Amino acid sequence: MNMPDILPKVSRWRVVFRPICTIHLAAAAAVLTGCAANNPQAVLDWDGFIASFAGEARKQPQYATAAVKVVGNPDASASIAGGNARFERWCAAHGGKSDATQTLARSNPTVSIFHDALGLKSNAEQARGIDWKPINAVACVDVHSAELIAAMVSEQGKNEARTSEGKVVDRVTRVFFTRQQAVEFNDEYARREIERTEQAVAVSRDREAKRGAATRRLRENPRIGDRTLNGTIVDIRPPLVLVQYDERYRVLTNRPLTEWLRIDALSAPSDGL
């Protein structure tokens, strides 16, 4: 065997082999770089994700436990949808699954309580005379433990629009919750709901007590012109009084204009107490 003939062959093989390895490593690096570029949310922690949205993070009484950002946008619906898509990508990059809280609440107790707390907030606001407004809420839960990772709530401002360069700009409010902040939000509105219910019961009892006292006075000393539950006293002939019914009551009950009623059956009106 001629050794010089073998060595060049080995040398040629080694020259070909090394570039193949280099190409594979470069391709793998390109794939990894491409993945990161396609999902920039993967490198953001929760604070970084919040910072990626426009606006300055503030606190608001109705969302006391969370970070709130308020911005103007000429297409609020598209802005909210785009924000939810970013939240979904961030969630997936951190090992979670994202969906509307209404959907996740069916199988996740923590999300269910959080979703109910949002409802309590809406009820409390309407009880104070604040108009109802739609709330878009999404949550991120761990795909393995099903633990709540984070949640985001978006509100579109109602009757608070302003015009900029001929376009209507609505107010978009975004609220960002960690798991702990969501739990604190739940506890806060559960406490507020108990207080609100207790106050409503106390007000109702007070009104009924005042109405009871007014009814006793009406029966003990009826006078022409006194208001009753359904009309006004226009004549008195004990033990009866002639009551002229209110128009609305007559229409609803098909009663005559006036009717004689027993004094001991009269009831004071509920309005004005």
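This text goes through one helix and two sets of paired strands in a predicted model.

Helix α3 covers residues 76-93. At 1.5 Å a residue, its 18 residues should span 26 Å, and the C-alpha atoms at its ends are indeed 26 Å apart, so the expected and modelled values agree. Eight positions can be picked out along α3 as buried, namely A76, S79, I80, G83, N84, F87, W90 and C91. Viewed down the axis of α3, the buried residues lie within an arc of 135°, and therefore they line one face of the helix. The spacing behind such a pattern is general: an α-helix has 3.6 residues a turn, so residues three or four places apart point the same way. After α3 comes G95, with a positive phi near 75°.

The next region to look at is the pair β4 and β5. Strand β4 (residues 135-142) runs antiparallel to strand β5 (residues 148-156), and seven bridges join the two. One of the paired positions is A137, whose bridge partner in β5 is V153. The hairpin of β4 and β5 has five residues between the strands, and A146 in this hairpin has a positive phi near 65°. Strand β5 is mostly covered, with seven of its nine residues buried.

Further along the chain, strand β8 (residues 231-237) and strand β9 (residues 240-245) are antiparallel and joined by six bridges. The hairpin from β8 to β9 passes through two residues. G231 is placed opposite Y245 of β9. β9 also pairs with strand β10 (residues 258-262), again in the antiparallel sense, over five bridges. Here L242 has W260 in β10 as its bridge partner.

Definitions and conventions: Residues are numbered from 1 along each chain as its sequence is written. This is a predicted model: local features need pLDDT of at least 70, side-chain atom pairs count only at pLDDT 80 or more; totals for chains, interfaces and linings use all residues. Side-chain values use heavy atoms; hydrogens and water are left out. Helices (H or I, at least four residues) and strands (E, at least two) are DSSP runs, numbered from the N terminus. The expected span of a helix is 1.5 Å times one less than its number of residues. Buried means under 20% relative accessible area, exposed over 50%, partly exposed in between (1.4 Å probe, protein chains only). The arc is that of the directions from the helix axis to the C-beta atoms. Two strands pair if DSSP finds at least two bridges between them.
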